[in-house]
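Subject: Structure handover and notes

Hello,

Here is the structure you were going to look at. My notes follow below it.

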Amino acid sequence: MIELLRTYGVYFLIGQFPHGPLGGLALTVLLGAAALVLAFPLGVLLALMRLSASAALRWPVTALVYVVRGTPLLMVIFWAYFFLPSLTGQKTGQFATMLAALVLFDGAYLAEVVRAGIQGLARGQTEAARSLGLSYATTLQRVVLPQVFRNMLPSLVNQFVTTLKDTSLGYIIGLQELSFVASQVNSQVVVHPVAIYGILALLYFALCFGLSRFAYALERRAARVDPEFRAANA
Amino acid sequence: MIDFRNVNKYYGRYHALVDVTETVARGEVVVVCGPSGSGKSTLIRTINRLEEIDSGRIEVDGQDVHRSGIDINRFRSGIGFVFQQFNLFPHRTVLDNCTLAPVHLRGLSGAEARDQALQMLNRVGMADKANAFPAQLSGGQQQRVAIARALVMHPPIMLFDEPTSALDPEMVGEVLLVIRDLAHRGMTLVCVTHEMGFARDVADRVLFMDRGRILERGTTREFFDHPQHERTRRFLADIRSPFGRTDPPSGG
């Protein structure tokens, strides 16, 4: 194990960088973070569209949510990677393909979480804000969404962690993220698959555990300043 | 100041407001009462357009409230609305509940908004709880904060939708005292309530609603001493002594 880490540790962490493309754990983190940062606002936007009074806004999002729920992410990645270029005539990079697929998928799932959060919030909250004269946008920003994010934090974190783990599907289109690197190492070393995939498991666990703990700390902090939140989550 | 003309409102096929015509004058205190489901809340909620209407016209200060081009946010900021369920923002402190609207709508600085909010909180006797969160307050305290939150916009009109119905009995008084104080300051008030003692004490006029219509209207004295309709008399009798009725309860 020590020997393995000594030889391949850096490869696990950053892939072939700086002599080749960035890969390994660094690429996984980068991909996961980029997906979260883009999917989250997309999810909020999609949720608002799905709750819109206008059917023209509601319908496409509803359709997207059903399509995303009804297909495996892996299949979408295949489609994006093999069929998109033949349509557009341009080759899409592996990173961009993965990022697009993850953002679309998680955007749709997050939209459902946020929608549930908004619908679960008492109607009176919006009515109170609007009858003070606050606009739709200010009401969302100052009254509705802060409460939705707090109430839905556990579900949001679930989705974030799922996203992080889904980056491993990049393996299938040759993106040199952590899982790809592990399988490369394994095919070179051959005799230590348990150790190699053990390292892989530990690295994923550390990432997801870290994210979960971070979210838990946020919850605790929210509870410290806000007894309503503490009561609701006791 | 508030002018209803032939207002009709339906929920699906249910006729919630039936041809309502009524005028509330500036500085007047009007209590709206009636059995549940009679349209009292719907009526008061159409005034600041929390509910749309299907026909007729509502004017506030000469402004057609349900006109399509109206600047609804600006209009609403001139009408204070107090809910049965208080609807304080649970993630903000008492003070932050009261500064949100003035900062966003009146362009006040944080410090100015704070000063004015504290002044209003003081008026309702809640200044010492400025840094508490709503969940730490009793129902009566929450409702007083809700009133202060509406007052910081200096609205000439205040609407109350059953402000004491969700309160434990011993907290009703503290809220009614605050509302009475506003009435004495000359504000235009419309209050949906079953507190007939309060109505007698504070209201200039009382409207009695039944099945979407204003069945009876009169000065407070007329209303309580000489109610015209049998339905009103029965309602008043039921409210005064629910066990004293001689006839079996009838529908509606």
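Is Asp201(B) buried, partly exposed or exposed? Asp201(B) counts as partly exposed, because its relative accessibility is 47% and the partly exposed class lies between 20% and 50%. Please keep in mind throughout that this is a predicted model.

Salt bridges within chain B

Asp201(B) is paired with Arg180(B) in a salt bridge, with 3.0 Å between the closest N and O atoms. The two residues are 21 apart in the chain and sit in separate helices, Asp201(B) in α7 (residues 196-202) and Arg180(B) in α6 (residues 169-184). Arg180(B) has a relative accessible area of 28%, so Arg180(B) is partly exposed as well.

Another salt bridge in chain B joins Asp210(B) to Arg231(B), where the closest N and O atoms are 3.7 Å apart. This pair also spans 21 residues, linking strand β9 (residues 205-210), which holds Asp210(B), to helix α9 (residues 230-240), which holds Arg231(B). Here both partners, Asp210(B) and Arg231(B), are buried.

A further pair is Glu51(B) with Lys9(B), a side-chain salt bridge with an N to O distance of 3.6 Å. Glu51(B) lies in the loop between α1 (40-47) and β4 (55-60), while Lys9(B) belongs to strand β1 (residues 2-11), 42 residues away. Glu51(B) counts as buried because its relative accessibility is 12%. Lys9(B) is buried too, since its relative accessible area is 8%. Over all chains, the search of the whole structure gives 23 salt bridges.

The interface of chain A and chain B

Glu51(B) and Lys9(B) also belong to a network of salt bridges that includes Arg45(B) and, from the other chain, Arg123(A) and Glu127(A). How many salt bridges does the rule find across the interface of chain A and chain B? The rule finds one. Arg45(B) and Glu127(A) form a salt bridge, with their closest N and O atoms 2.6 Å apart. Residue pairs in polar contact between the two chains number seven, counting pairs with both residues at pLDDT 80 or more.

On the side of chain A that touches chain B, the elements giving two or more residues are α6 (123-131), α7 (136-151) and α11 (227-233). The largest share comes from α6(A), with eight residues. In total, 22 residues of chain A and 26 residues of chain B take part in the contact.

The size of an interface is often expressed as the accessible area that is lost when the parts come together. Between chain A and chain B, that buried area is about 2,000 Å², and carbon and sulfur atoms account for 61% of it.

Chain A as a whole

Chain A has 11 helices and zero strands. Its C-alpha trace spans about 70 × 50 × 30 Å along the principal axes. Of the 234 residues in chain A, 46% are buried. Taking the contacts in chain A between residues at least 6 apart in sequence, 71% join residues at least 24 apart. The exposed area of chain A is about 12,000 Å², with carbon and sulfur atoms supplying 68%.

Two places in chain A

The first place is around Arg50(A), in helix α2 (residues 24-50). Arg50(A) counts as buried, because its relative accessibility is 12% and buried means under 20%. Which side chain makes a polar contact with the side chain of Arg50(A)? That of Glu112(A) does, at 2.6 Å. Beyond its neighbours within four places in sequence, Arg50(A) is in contact with several residues, among them Arg58(A), Val61(A), Thr62(A), Val65(A) and Arg115(A).

The other place is a nonpolar surface patch of about 700 Å². Met75(A), Phe78(A), Trp79(A), Phe82(A) and Phe83(A) contribute to this patch, together with Tyr171(A) and Ile172(A). Tyr171(A) is located in the loop between α8 (153-166) and α9 (178-189). With a relative accessibility of 39%, Tyr171(A) counts as partly exposed. Residues need over 30% relative accessible area to be part of a patch, so the 39% of Tyr171(A) satisfies that cut-off.

Regards

Notes:
Residues numbered from 1 in each chain as written. Chains lettered and ligands numbered in written order. Heavy atoms only, no water. Patch = residues over 30% accessible without salt bridge, like charges linked within 9 Å, V, L, I, M, F, W, Y side chains within 5 Å. Areas by Shrake-Rupley, 256 points an atom, 1.4 Å probe, with all protein chains shown as cover. Salt bridge = Lys/Arg side-chain N within 4 Å of Asp/Glu carboxyl O. Helix = DSSP H or I, 4+ residues; strand = E, 2+ residues; numbered from the N terminus. Buried < 20%, exposed > 50% of the residue type's maximum accessible area, 1.4 Å probe, protein only. Contact = heavy atoms within 4.5 Å. Buried area = accessible area lost by both parts, 1.4 Å probe. Polar contact = N/O pair within 3.5 Å; in protein donor to acceptor, adjacent residues only side chain to side chain.
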